[in-house]
Each structure stands twice: as structure tokens, then as C-alpha cells.
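Hi,

Here is the structure I promised to pass on. Please load it first, then read my notes below.

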Amino acid sequence: MDRIALLIIDVQYDFLPPSGSLAAEHGEEILPIIEDLLDETKWDWPVIVASQDYHPRDHISFATTHPPHKPFEPLLLKDARGTNYEQTLWPEHCIQGTKGSEIEESVKEKLDKWSDKVKLSRKGTHIGLEAYSAFEGYITEFSNPSEPTLEWSSGKPPESTLPEQSPLSLYLRQKGIEKVVIVGLATDFCVFQTALSSISASFDTLLLGPAMRGISKEGTEKAFERLRSMGGTVIDQGDTNWNTKIRDWAK
Ligand code: VGL
Ligand code: ZN
């Protein structure tokens, strides 16, 4: 697994059944596969990055921040950089300090064992900015993460960067990474946007379908189609031969 990073997107309780506030249907089915990928006797990733959606209360993406609007409605908003955009409003999720924001325990325990090979990308921390892609977060220690600084929480936000200049890209390049394998939640939002950034930043990008689930079925199918058309490699959700396919792609 030379020069290949594993990106584990948002495997957090709020995106998982049975109690997540924004659970991806059957999201729990991805856990054994991710645990397999984190088995050090089977895989030797030089770099692993987990991402964490990590919102303050009153985040711009929450329906409760914009009464009387309801979750899943689209709403035109202006963000903290002054950009007008259409926000899909969400139920409150992944709020800093809550159980829902934590990375699922079995995955977290395995990640802790990779010690200095694993980092955390925390995103969505600025109250006035939506951020789906792991390339839009700041990079910190996995086992001893730092809280967001003022510019990453409520101050003047960092200038928007091209994906190739983002903190995650710079980190991966510094480590000599050329290829990334992406797994996690949710296929149609954070996984999709992370994969778009990864392709734009010229990483050879593989999506492991069996280890991801989406919020909507149509959104998930569209995401796979678009990523394939942009040069991403997608292993289908039902593919039982994924193990061999990753190893062949890695050569
Ligand atoms: C996500 C919606 C809102 C995700 C995060 O992780 O896919 N989706 N925030
Ligand atoms: Zn979010």
C-alpha cells in the first residue's frame, strides 16, 4: 500500500443507526469492512485520515437556526465569506461535545492503534460555513485533537483554497501520498464532496462502495456516476471481491 492513504469519512454516531439524528440507512453494515481495513495484519496504510463533522450549536446548516424552516428544505443563504448559496437544511447533528459527534467506538479503538500514522480532519467547525469535504477541515492529532481556533470557529474564516492547496492535500503530499481510498458516510454528501476534492487535487481516487452508505438512494447513484465520469474508480456496493480489487488498483 505504498503512497496510498485511507480516508475514513464521518463514521460518527449521528450518521449511524439506531440513534443517529441524520443516520444513513444500514450505515452499520460498513463497520466490519472498515475494521478489516484497519487490521494491521492485513493492511499497511502509510497514512490514515479520519474526518469528523464537528459543528457548533447554531451552525448555519441546521434547520433550527432558521425558523420556521424544516430539515431537508433547501434555503438560500449567505455564508461567513459573503457567498450566496443554497443550503440543504439538516436536523441538528455532530454538535461539539455530544455523543453524536463522536467517532464510532470500534473504529476509534482500531484507529488509536495506528498512532502517528493517523490524523483527524475536523470540518464544519465554523458557525457560518458549511463544509462537506474532508479537504475543507483542519488537520490535527487523532488521539489528542485540538479544538478549533477563532478563524476555524466564528472569526474571519480562512480564505477558501483550491483543493490542491487545502490543509489535507498539503499534508498528504508532504507524506508522499499519490492515491487515496475513500470509505464512510454519507455517500451523497461528505463522501462525494471529499472524492471531488481528491480528484481535483490530482490524487488517484478509489471509492469503496461496500464501505459507504448514503442519505438518499438517488443521490448515491448520481454520486457514483459523476465520480466515475470524472475519473474516479468506484467499487460497487454489492461487490464481494473488493479486497482483491483494492490490491490490484494499488499496484
Ligand atoms: C454530512 C450532511 C450534513 C455527511 C454532514 O457527513 O455526509 N451530511 N453534514
Ligand atoms: Zn454536518
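Ser121 stands opposite Ile139 in strand E6. Ser121 belongs to a stretch worth a look: strand E5 covers residues 118-123 and is joined to E6 by four bridges. E5 and E6 run antiparallel. Keep in mind that this is a predicted model.

Now the wider sheet. It is open and has seven strands, in the order E6-E5-E2-E1-E7-E8-E9. The pairing is mixed. Which strands sit at the edges? They are E6 (138-141) and E9 (233-235), and each pairs on one side only. On average, neighbouring strands of this sheet are turned by 25 degrees against each other, direction ignored.

One helix to check against the sheet is H4, residues 187-200. H4 lies across four strands: E1 (4-9), E5, E7 (179-185) and E8 (204-213). Relative to E7, H4 runs at about 170 degrees.

Then the ligand site. Ligand 1 is surrounded by Asp10, Phe15, Leu22, Asp53, Trp90, His93, Tyr132, Leu185, Ala186, Phe189 and Cys190.

Which side chains come up in the polar distances to ligand 1? Three are on my list, each taken to an N or O atom of the side chain:

- Asp10: 2.6 Å from an oxygen atom of ligand 1.
- Asp53: 3.1 Å from a nitrogen atom of ligand 1.
- His93: 3.1 Å from a nitrogen atom of ligand 1.

How much of ligand 1 does the protein cover? On its own, ligand 1 has 260 Å² of accessible area, and the protein covers 100% of that.

Best wishes

Definitions and conventions. Residues numbered from 1 in each chain as written. Chains lettered and ligands numbered in written order. Predicted model: local features only at pLDDT ≥ 70, side-chain atom pairs only at ≥ 80, totals over all residues. Heavy atoms only, no water. Pairing = 2+ DSSP bridges. Helix = DSSP H or I, 4+ residues; strand = E, 2+ residues; numbered from the N terminus. Axes fitted to C-alpha atoms, helices over the stretch in contact; angles between N-to-C directions. Contact = heavy atoms within 4.5 Å. Near = heavy atom within 4 Å. Polar contact = N/O pair within 3.5 Å; in protein donor to acceptor, adjacent residues only side chain to side chain. Areas by Shrake-Rupley, 256 points an atom, 1.4 Å probe, with all protein chains shown as cover.
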